[in-house]
Amino acid sequence: MDKILVANRGEIAVRIMRTAKRMGIKTVAVYSDADSDALHVKSADQAIHIGPSPSSESYLVMDKIIQAAKDSGAKGIHPGYGFLSENAQFAAKVRAAGIIFIGPNEESIVTMGSKLAAKAAVKKYDIPLVPGTDEAVTDIKEAIVTAGEIGYPILIKASAGGGGKGMKMVENPDQFEEQFHLATSEALSSFGDDAVFIERYIQSPRHIEFQVLFDQYGNGVHLFERECSV
């Protein structure tokens, strides 16, 4: 690849462009009306205007992003994070347009975009999981019984999305119904999906991640561990 389009703005776009330039790859920025003088626009080798200030009319419009890549001759699109980065439909449309999507394939995005689907995917590898339900819970009475079997305190968690939205801690059965309705409502308004499941609440946990990267040819590296608790 000798040229890529960065389908994002701000700090993440600038970081991607800096790395691309060190690799000898030309970069294309996209920008809305509000970002005409932004640093990521000035940092790129080429910049293309994609619409009005609201992201719903610019950075989130798939066809505008793909057309900008075609017009600029970019061989790949890097989505950064946020916006369209975890949108499986966008990844599929990019590939269908003959452009490389710099990120996971659409199947992986779909699987990891749902916590329930992710749990199902890793379960067959005998990976230890936090005790909880394998499917979305809909019947409150049954859910209260299940929560008692798991053991309080428990978490009601949205299957879609993240960032703590649609997530409620419940300390006893008396709180369950209220917190269940709050979690499903928040999940629906934040992610358009009100599916929730139950998991045991782990108090004072350590959150440690391993960043793993693979290409389409099966070559992989990991970037050691990251202590996210701090």
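Start your tour at Ile4 and Gly76: the bridge partner of Ile4 in strand 4 is Gly76. What you have open is a predicted model, so treat each stop as a look at a prediction.

**Stop 1: strand 1 and its partners**

Keep Ile4 in view and widen the selection to strand 1, residues 3–6. Which way do its side chains point? Lys3 and Leu5 point one way, Ile4 and Val6 point the other way, and all are buried. This fits a general pattern: in a regular strand the side chains alternate between the two faces of the sheet.

Now add strand 4, residues 76–78. Strand 1 and strand 4 pair in the parallel sense over three bridges. Next, bring in strand 2, which pairs with strand 1 over four bridges, again in the parallel sense. To find a spot where these two meet, select Lys3 and look across to Lys26 in strand 2, which stands opposite. Then follow the chain from strand 1 through helix 1 (residues 10–22) to strand 2. This β-α-β crossover is right-handed.

**Stop 2: the largest nonpolar core**

Which residues have the most contacts inside the largest nonpolar core? Select Leu5, Val30, Ile65, Ile77, Phe90 and Val94. The core they belong to has 25 residues. Colour strand 2 (26–32), strand 3 (46–51), helix 3 (62–72) and helix 4 (88–96), because each of them supplies at least two residues of this core. Helix 3 gives the largest share, five residues.

Apart from this core lies another, of 13 residues. Val137, Ile154, Val170 and Phe176 are among them; you will meet Phe176 again shortly.

**Stop 3: Phe90 and its surroundings**

Zoom in on Phe90. Setting aside neighbours within four places in sequence, Phe90 is in contact with Met62, Ile65, Ile66, Ile77, Leu84 and Phe101.

A short detour leads to Val61, in the loop between strand 3 and helix 3. Val61 and Phe90 are 29 residues apart in sequence, and their C-alpha atoms are 9.4 Å apart in space. Is Val61 buried or exposed, or in between? Its relative accessibility is 23%, so Val61 counts as partly exposed. Leaving aside neighbours within four places in sequence, Val61 is in contact with Ser55 and Ser56.

**Stop 4: aromatic pairs**

How many aromatic pairs does the model hold? The count comes to three, and two of them are on this tour. A pair of aromatic rings is described by the distance of the centres and the angle of the planes.

Select Phe90 and Phe101 for one of these pairs. Their ring centres are 6.0 Å apart and the planes stand at 85 degrees, so the pair is edge-to-face. This pair links distant parts of the chain, with Phe90 in helix 4 and Phe101 in strand 5 (residues 100–101), 11 residues apart. Phe90 and Phe101 are both buried.

Now select Phe176 and Phe180. Here the ring centres are 6.1 Å apart and the planes are at 20 degrees, so the pair is stacked. Both residues lie in helix 8 (residues 173–191), four residues apart, which is about one turn of the helix. Phe176 and Phe180 are both buried too.

**Stop 5: the three-stranded sheet**

Stay with helix 8 and turn on the strands beside it. What is the order of the strands in this open sheet? The three strands run 7-6-8, with antiparallel pairing. Strand 7 (167–170) and strand 8 (196–200) stand at the edges with a single partner strand each, so one side of each has no neighbour in the sheet. From one strand to the next, the twist averages 25 degrees.

Select strand 6 (residues 154–158) together with strand 8: five bridges join this antiparallel pair. For one of the bridges, pick Lys157, whose partner in strand 8 is Phe197.

Two helices are worth showing here. Helix 6 (residues 115–123) lies across strand 6 and strand 8, at about 55 degrees to strand 8. Helix 8 packs on the sheet and touches strand 6, strand 7 and strand 8, its direction making about 170 degrees with that of strand 7.

**Last stop: Val230**

Finish at Val230, in the segment after strand 10 (220–227). Is Val230 buried or exposed? With 87% relative accessibility, Val230 counts as exposed. Add His207 to the selection: the two are 23 residues apart along the chain, and their C-alpha atoms are separated by 8.6 Å.

Key. Residues are numbered from 1 along each chain as its sequence is written. This is a predicted model: local features need pLDDT of at least 70, side-chain atom pairs count only at pLDDT 80 or more; totals for chains, interfaces and linings use all residues. Side-chain values use heavy atoms; hydrogens and water are left out. Buried means under 20% relative accessible area, exposed over 50%, partly exposed in between (1.4 Å probe, protein chains only). A nonpolar core is a set of buried Ala, Val, Leu, Ile, Met, Phe, Trp, Tyr and Cys residues joined through side-chain atoms within 4.5 Å. Contact means heavy atoms within 4.5 Å. Rings of Phe, Tyr and Trp (its six-membered ring) pair if their centres lie within 6.5 Å; planes under 30 degrees apart count as stacked, over 60 as edge-to-face and the rest as tilted. Two strands pair if DSSP finds at least two bridges between them. A crossover is right-handed if, with the strands pointing away from the viewer, the path from the first strand over the helix to the second runs clockwise. Axes are lines fitted to C-alpha atoms, for helices over the stretch in contact, and angles run from 0 to 180 degrees between N-to-C directions.
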